[in-house]
Amino acid sequence: MSEKKIIAVVGATGAQGGGLVRAIAADPDGEFTARAITRDPSSDKAKELAALGAEVVAGDVDDADSLRRAFEGAHGVYCVTFFWAHFSPEKELEQARAMAQAAKDAGVHHVIWSTLEDTRRHVPLSDDRMPTLQGKYKVPHFDAKGEADAIFKELGVPTTYLLTSFYWDNFISFGMGPARGADGTLSITLPMDDKKLPGIAAEDIGRAALGIFKSGDELLGKHVGIAGEHLSGDEMAAVFSEVLGEDVRYNAVDPATYRGFGFPGSDDLGNMFQYKCDFESEFRAARPVDGTRALNPKVQTFKEWAKENKEKIPVPGK
Ligand SMILES: NC(=O)c1ccc[n+]([C@@H]2O[C@H](COP(=O)([O-])OP(=O)(O)OC[C@H]3O[C@@H](n4cnc5c(N)ncnc54)[C@H](OP(=O)(O)O)[C@@H]3O)[C@@H](O)[C@H]2O)c1
């Protein structure tokens, strides 16, 4: 029997990387084996991955030597950064460079870089439709990822650039779930006007990534966007009403109001949603649902995701 090819997965105990490790473990073709990279191999989450058959190794994206060791002998590497852990685009750029360099040094055949658009290509800093944040960004958690694409290219690392979408799981774990207003009605609040938001179940990102690794060299050098469905606020609210068995409305606010909500990152997210509205056609076209299904035949619709996660969706007063 031939040796399985190793896919080293950064962020393996998290949403994107965890999905990939589980997808590799569940793949009946068994072409790959997962190497789960974590800062703490003794954690419960790391042990769960080991129980699925993954090799668990220590690694930190802030420690170049640990990355080199973790990538050694790997056929593929899944690279992701963790903006919401530090809110620093500069840190993301440094970590992307460290991962790209380590992948080059290890002679990795296929890197997937989990990226997003550099919104400044469409909204230069001089464009005052939205405020400039942290001195030189419009959407900090997008812009540095997009800027980092050039690092993988410059270092000559064979890379597929994966454009992810809004996780529907944000309705569970990012405080975006239905809230009850003074009149007792539930609503979801987004500054998306009547535009459609490409979204995805976080677990489906890893399954699509496995599809990319399985496609061999075909998608090297390409940007590949993924989404489970593109839905308006009204359409998502209608699904929540049906699945939760209680009327949920869509509360459309303008981006300036959203920026002013004052939670950490509300300005970044307000700009992000405004970008997704103002450039709706390009943003959606970059994330085709049929292309996603070709990579991940199990990709869920919003209703499937909501039904599956019904008990986890926080509903105030229930
Ligand atoms: N939320 C969304 O809708 C959305 C949509 C598109 C893209 N994104 C992007 O997704 C990225 C985060 O990915 P995710 O959601 O998969 O992350 P996540 O679920 O928050 O998981 C992060 C994992 O990464 C590990 N980690 C954190 N710091 C690390 C470090 N210094 N070195 C090595 N590992 C580290 C942690 O594992 P250990 O503790 O085990 O080391 C943690 O389990 C963000 O940059 C965000 O902008 C989010």
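Author: Let's start with a definition: in this predicted model, a residue is buried at under 20% relative accessible area, exposed at over 50% and partly exposed in between (1.4 Å probe, protein chains only). The model is predicted, and local features need pLDDT of at least 70, side-chain atom pairs count only at pLDDT 80 or more, and totals for chains, interfaces and linings use all residues. Residues are numbered from 1 along each chain as its sequence is written, and side-chain values use heavy atoms, with hydrogens and water left out.

Reader: Thanks! Is F87 buried, partly exposed or exposed?

Author: Helices here are DSSP runs of H or I with at least four residues, strands are runs of E with at least two, and both are numbered from the N terminus. F87 sits in the loop between α4 (83-86) and α5 (89-105), and its phi is positive, about 60°, although F87 is not a glycine. Because its relative accessibility is 31%, F87 counts as partly exposed.

Reader: And what is the relative accessible area of Q134?

Author: Q134 is also not a glycine, yet its phi is positive, at about 50°. Look for Q134 in the loop between β5 and α6 (140-154). Q134 counts as partly exposed because its relative accessible area is 44%.

Reader: How far apart are the C-alpha atoms of S173 and K312?

Author: S173 belongs to helix α7, residues 170-173. With a relative accessibility of 59%, S173 counts as exposed. Along the chain S173 and K312 are 139 residues apart, while their C-alpha atoms are separated by 9.1 Å.

Reader: Now for the strands: in which order do the 3 strands of the open sheet stand?

Author: Strands of a sheet pair through backbone hydrogen bonds, either parallel or antiparallel. Two strands are taken as paired if DSSP finds at least two bridges between them. This open sheet has 3 strands with mixed pairing, and their order is β8-β9-β13.

Reader: Which strands stand at the edges of that sheet?

Author: An edge strand here has a single partner strand, so one side of it is left without a neighbour in the sheet. That describes two strands: β8 (179-180) and β13 (248-252).

Reader: Which residue in β9 does R180 stand opposite?

Author: β8 and β9 (residues 186-190) run antiparallel and are joined by 2 bridges. They form a hairpin with 5 residues between them, and G184 in the turn has a positive phi of about 90°. Across from R180, in β9, stands L186.

Reader: And which residue in β13 stands opposite I188?

Author: β9 is largely enclosed by the rest of the structure, because 4 of its 5 residues are buried. β9 and β13 run parallel, with 5 bridges joining them. Opposite I188, in β13, stands Y250.

Reader: What is the bridge partner of W113 in β6?

Author: β6 covers residues 159-163, and 5 of its 5 residues are buried. T160 and L162 point one way from β6, with T159, Y161 and L163 pointing the other way. Strand β5 (residues 110-115) runs parallel to β6, and 5 bridges join the two. In β6, W113 has as its bridge partner Y161.

Reader: How many of the residues of α8 are buried?

Author: α8 is mostly covered. Its buried residues include A202, D204, I205, L210 and F213. Just after α8 comes G216, with a positive phi of about 70°. Out of the 13 residues of α8, the number buried is 10.

Reader: What kind of pair do the rings of F166 and F171 make?

Author: Rings of Phe, Tyr and Trp (its six-membered ring) pair if their centres lie within 6.5 Å; planes under 30 degrees apart count as stacked, over 60 as edge-to-face and the rest as tilted. A search of the whole structure finds 20 aromatic pairs. For F166 and F171, the centres are 5.8 Å apart and the planes stand at 70°, so the pair is edge-to-face.

Reader: Which residues do ring pairs link into a cluster with F166?

Author: F166 and F171 are both buried. Ring pairs link F166 into a cluster with W168, F171, F240, Y258, F261, F263, F273, F302 and W305.
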